[in-house]
Amino acid sequence: MKIQAIYFLSFLLFSSLMYAQQTVSGTVVDENNLPLPSVAITIKGTDKGEITNFDGMYTISVNKGDVLVFNYTGYISKEVVIANQTTLNVQLELDIEQLEQVVVVGYGTQKKINLTGAVETVTFDEEVNQPVTNSGQLLYGRFSGVQLTQTSGSPGADASSVSIRGIGTFGESNPLVVIDDIQYDGLAAFNNLAPQDIESVTVLKDASATAIYGNRAANGVIIVRTRRGVEGAMKINYNGYYGVQDVTVKPEFLGALDYATLMNEKYRNEDGVNFDPRYFPDQLQAIADGSLPDQFADTNWADEVLQTAQIQNHNLSISGGNAKTTYRVSLGFMTQDAVVQSKFRSDRYNLSFNINSQVKDWLKMSFVTNSFWRHNVGPTGGQDAFSGDNGIIYQFQRAAPTIPLFYSNGQYGVVDGAWIDQNNPSFQTTNPLRRGFLGNFVQDNINISSRLGFTVNLTEKLTFESSGSINAIFNNQSDFTPTQLLNDFEGVQVINVEQNTLRNSANLNYLLLNENILRYNNTFNDKHNFGVLLGHAVSLQRNDGFTGRLSGFPTDNYEEFNAGGIDDPGVTGSAFEEAYQSFFSRVNYNYDERYLLEFNYRIDGSSIFGPGNRYNGFPSASVGWVLSKESFFDNVDFIQNLKLRGSWGITGNDRIGRNIWEQNYNPNLDYVLGTDGQSVVGVGITSLANPTIQWEESTQTDIGLDVSFLKNKLELVVDYFNRQTNDILYVNFPIPNTFGVTNLGAQNSASMINEGLEIGLNYRGKIGQDVKFSVGGNATKFLNNEVTSLGGGTETISATDIIREGAPFRAYYGYEAIGIFQDFEEIANAPTQFGSNLTSPGDIRYADINDDGVVDEDDRTIIGDPNPEWLVNFNGSLEYKNFDINVLFQGVAGVDRLLMGNGNLPMPDNRSNVLEYWLDRWTPENPSTNLPRIGGVNNDIVSSFYVQDASYLRLKNFEIGYNLPQSILEKMNVEKFRFFVGGQNLLTFTGLEFFDPEGGRGRNSNRNPPLFRTLTFGLNIKL
C-alpha cells in the first residue's frame, strides 16, 4: 500500500507539472512593424530557447512565471513575464549603440566591444542639415578631447583648426586625415567634402589606435567614411537649405562727438594744458549739430560695413544596386556671401562617386572619387584685404567716425574736416567699404581624389588587398590692383596710385599612394579569436608652382598679361618632392571577447631626413578586460558592459620642414674684394645644416573604462591620457660670433607633455510609444600642458608669447598690471616705470617682478594661457510623432585671449577710435581703478591688462523638423518629405564683450573677419 501511495502521489505531482506548462506563440516585428527573422528567444536563467522563422513567428513551451528574453542584433533586448497568455506579439526597439558596434579603425573595422584603444565614432544621417560652411565643423561638440577653433568668418577661409588632446609639438599640429583610405596632409579635403556625403567620422586619439599610421599620426587621426550605395531599387535624395548669416558680436565704438572729445583729451594728456586740439570748438559744434556733413559726419563703421549675408546648400544623390554591385553618385553646390560688405563670395561644387562590386566569388572591387571645385572672389589681395593696418576690420577702429562713408560728390570718405595738414597721412583712413570693393581677386581650387582597390580572397581566412590612389590639387589665382585716384570733400586729391598691377599664380600638388595589405582572421575552439595584418605602402608627393607679376597696364578694364603691361615684371617659382615607404603590422587576439590584446608595429621611411636617419619604428600595444563577461557578474543586472582597457605606444612626426639636413647656400650676398671697395655678388653659408636630424617621437599612455547601464541605455566612457613628445625640433640656440652664421639648423632637443582626463556620458530612452529622446555630454580636463625641456636652447620670446621650460606652450608673456596710479605720491613711492619721468596719474602701474626697484623688460612674466583648461559639450534629441528636435552645445573654459588689436588700446595714435567702454576712462573727475587715461605713458604695451577670460558656452547647432505623415507621402508617391529650421551659433554665454570669444592667439586676433550666426530653412526629400 505504501508503494502504491507513493506512485499515486508521484503521478499527481507529475500531472500538475504537465498541466502547469503552456505553449506561447506570436510574432516579433521591428520598429516599422515588419517581421524579424532569426530573433533569439530564451527562457531567462536556462539554455532553452527558440528562434523566429522567416515571417518572424515563433512557438515555445513555458511555465507560468517564466521570463522570455528576446534578443536580436541591432535591437534592444526585451523581457516579458509569462502569465496565462498563449499569444505574445513583441515589437523590438532599434538599438543605435548596437548598430554602431562595428567601428572604423586604422586599416579596417573592429567590434566596439573588442576595442582597446581610445576611439570615438559619430555616424550621420544622409540629411546633414547643419549649416556648416566646411565639413570639419561637424566635429564641434561631438568628441571628447577634440578642440576646434574658428578664427575667421570670411567665405572660403573660415575653416577651423583642430587639435586632438592638446598641442604636442612646436611645429605643425594638425591630425592626419584619412578619407576613404586616402591620406591627406591638412584639413582642406575634409573641410570641402559635402556634409551629406559623410557617413561617419572616427577620431583615433591614443597610440594604440594611431601607431598603425606611423608618421604624421602623432597628433591623432581623423578617419572619414563617405556613403556607399545599398542593394535595392534606385533611391533619389535631395537635401538643401537657404539661410541668412549675421555676425555673432558687433563691436561698439565711440560715436563722432565722444570720439572727438576723447581725441582732444589725448592731445591734452600728451602735450599739457597749452595743447593744440585736434578738433576746435566750432568743429565740435559742427559734429554735434551735423551742419557740415561732408567734413564732420557721425559714421558707425561697423553698422555700415557689416551686413546680413545669404548662404545656400543643395545636394542631390542617386544610389542603388543589386546583390553584386552597388553605386552612389552625388552632386553638391554651396554658395556663401560675406557678412562684410565686399566682393567676397565663395562657391563650392562637389562630385562624389562610389561603386563597390563583387566581381567574382573571390574578388571584390571598389572605386571612389571625391572631388570639389571652390571658386572664391574678392577684392585686391583676397583674404589679405582683412589683414594689416589697412585691413577692412581694423578700419572700424582706424577710420574716425567723423569721416563720412561717402562725400556728397560721390567719392569715398577718407578724411574729415580736421585734416589741416595734408601731408600728415595719419589723418587719412582706408575706407573699409572702399577696400572691400577695390580691384579683383579670383581664385579657383580644384581637388580630385580617387582610389581604386581590389580584395582577393586567397582562402576563407586569408585575403589580399591592393589599392592605388591619387589626390591632385590645382590652384589658380589672379589678383588685380587698379589705378587709384581719390579726392576729398573739396576736390583735393588725397590718393593717387597711377600704376595698376596684376599678379597671377598657379600651383599643382599631387600625392600618389599605393598600399598592399594581407589579412588573416580565424577562430579556434569557438573562443580564441585571432587576426593578423601585414602591409606595405609607398607614396610620392610633388608640389610645383610659379607666380608672375606685371604693372603698367594702359587701362583697368583688362586684367590679363597680354593686355600690354610693361613695368616691373617679375617671375618666381618653386617645387619640392617628398617620398615615403612604410611597412606596418597589427596582431589582434581575444579570448571569448573577454580578454583582449592588440599589438601594432610600423616602420616608416621619409625623404625629409638624411640617408642615415630616414627609417624609424613605431610600436604600440593595448589590452582590455571585459569584466561583465566574468561569472561573478552574472547576477549584476544593472550593468550590461564593463570594460577596462589600457594602451601604450610611440608615434612619429616628420612635419618639420624640408632640407634641414642638407647644407644650403645663400646666393644673394655682397662681398667687398680688393682695395678699391668694389662689391661683387657671391654665395655663402648663413645657416648651418643639421645632418643628424631625425623623427620627433610621442610616447602615449591611455587608461580607459567603458560602462553600459540600464540595458545599454546609459553609457559612461572615461579616459586618462598622457602624451610625452621628445626630440622636438628647436632652433633657438646661442651662436658664437666666430661661427660666421646667423642661425643653426633645427636640433632634436626639446620636449613637452600633455596630460588630461576625458569623461563622456550618454543616455537614451523612451516615454510611452510616441516620445524618444537622448541626452549626452562629455568633458575634457587638461591636467598639464608644459614644455619640459629646450635641450640647452634659449627661450623663444615673441612680441606676445614665450616658449619656456616649465610653462605652457606659447604662454602669453608681458608685464603684470597691478592697478592705476591715482596721484604723484603713489608714483614717487613706486618702482620707476621703464625709466620714464612722464608717468602720471591715470597711467597703468606694472609690477616689479624681480624687485630691483625698476620696471623694465626683465620684469616680463607669464600673464595668460591660450590653451584651454576644459572642453565641454552637451547634446540632446527628441522625437515626438512627426516632430524632431536636435540641439548641440559646445564650450571652452579656462582659456585666455590677448586683445589689443581693435579698439582696446587707449588711443595710441592720432586717428584710432576706441570701444565704448573707454567712456569710463580715468580722469581727474573720474579716478577709475579699472581703466587708465586716454593716451598716457606706457599704457599700450603687452600686459595682463589686455588679457581676458574667453571661456564660453555656445548653442552651436539647433534644428527642428517635421515629417509629413505616411498617409500624405503615399498620395505623393514619396518616401520622405521633411521640413526643417536650423541654426548655428545662435546663443553664446560668455563674459567677453565686443568680440566673439572663439578666436586665435595673438594680440591682433580681433582684427579677423567676424564669426557669424546662421538661420536656415530647408527640405529633405527621398524618392
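Start by selecting Tyr601, which you'll find in strand 29 of this predicted model. With a relative accessibility of 33%, Tyr601 counts as partly exposed. Now add Phe524, Phe530, Phe583, Val587, Phe599, Ile603 and Tyr615: together with Tyr601 they make a nonpolar surface patch of about 680 Å². Colour strand 28 (567-591) and strand 29 (595-606), the elements that give two or more residues to the patch. Which strand gives the most? That's strand 29, with 3 residues.

Next, go to helix 5 (residues 256-271) and pick Lys266 and Glu270; they sit 4 residues apart, so about one helical turn separates them. The two form a salt bridge, with their closest N and O atoms 2.5 Å apart. Lys266 is buried at 1% relative accessibility, whereas Glu270 is partly exposed at 41%.

For a longer reach along the chain, show Asp719 and Arg645, whose side chains meet in a salt bridge (2.8 Å, N to O). Asp719 belongs to strand 36 (residues 714-730) and Arg645 to strand 31 (residues 639-653), 74 residues apart. Are they buried or exposed? Asp719 is buried, at 4%, and Arg645 is buried too, at 6%. Both belong to one network of salt bridges with shared partners, which also joins Glu120, Arg165, Lys205, Lys643, Asp702, Asp706 and Glu758. Within it, select Lys205 and Glu120: their closest N and O atoms are 2.6 Å apart.

Last stop: empty space. The structure has 8 cavities of 30 Å³ or more, and the largest holds about 210 Å³. Among its 21 lining residues, select Phe995, Asp996, Asn1006, Asn1008 and Pro1010, the closest to its centre.

Notes:
Residues are numbered from 1 along each chain as its sequence is written. This is a predicted model: local features need pLDDT of at least 70, side-chain atom pairs count only at pLDDT 80 or more; totals for chains, interfaces and linings use all residues. Side-chain values use heavy atoms; hydrogens and water are left out. Patches are made of residues with over 30% relative accessible area and no salt bridge: like charges are joined within 9 Å, nonpolar side chains (Val, Leu, Ile, Met, Phe, Trp, Tyr) within 5 Å. Accessible areas come from the Shrake-Rupley method with a 1.4 Å probe; for residues, only the protein chains shown count as cover. A salt bridge is a side-chain nitrogen of Lys or Arg within 4 Å of a carboxyl oxygen of Asp or Glu. Buried means under 20% relative accessible area, exposed over 50%, partly exposed in between (1.4 Å probe, protein chains only). On a 1 Å grid over the protein atoms alone, a cavity is a set of points where a 1.4 Å probe fits but cannot get out, and a pocket is an open set with protein on both sides within 12 Å along at least five of seven lines; lining residues have an atom within 4 Å of a point. Grid points are joined across faces, edges and corners, and a volume is the space filled by probe spheres set on the points.
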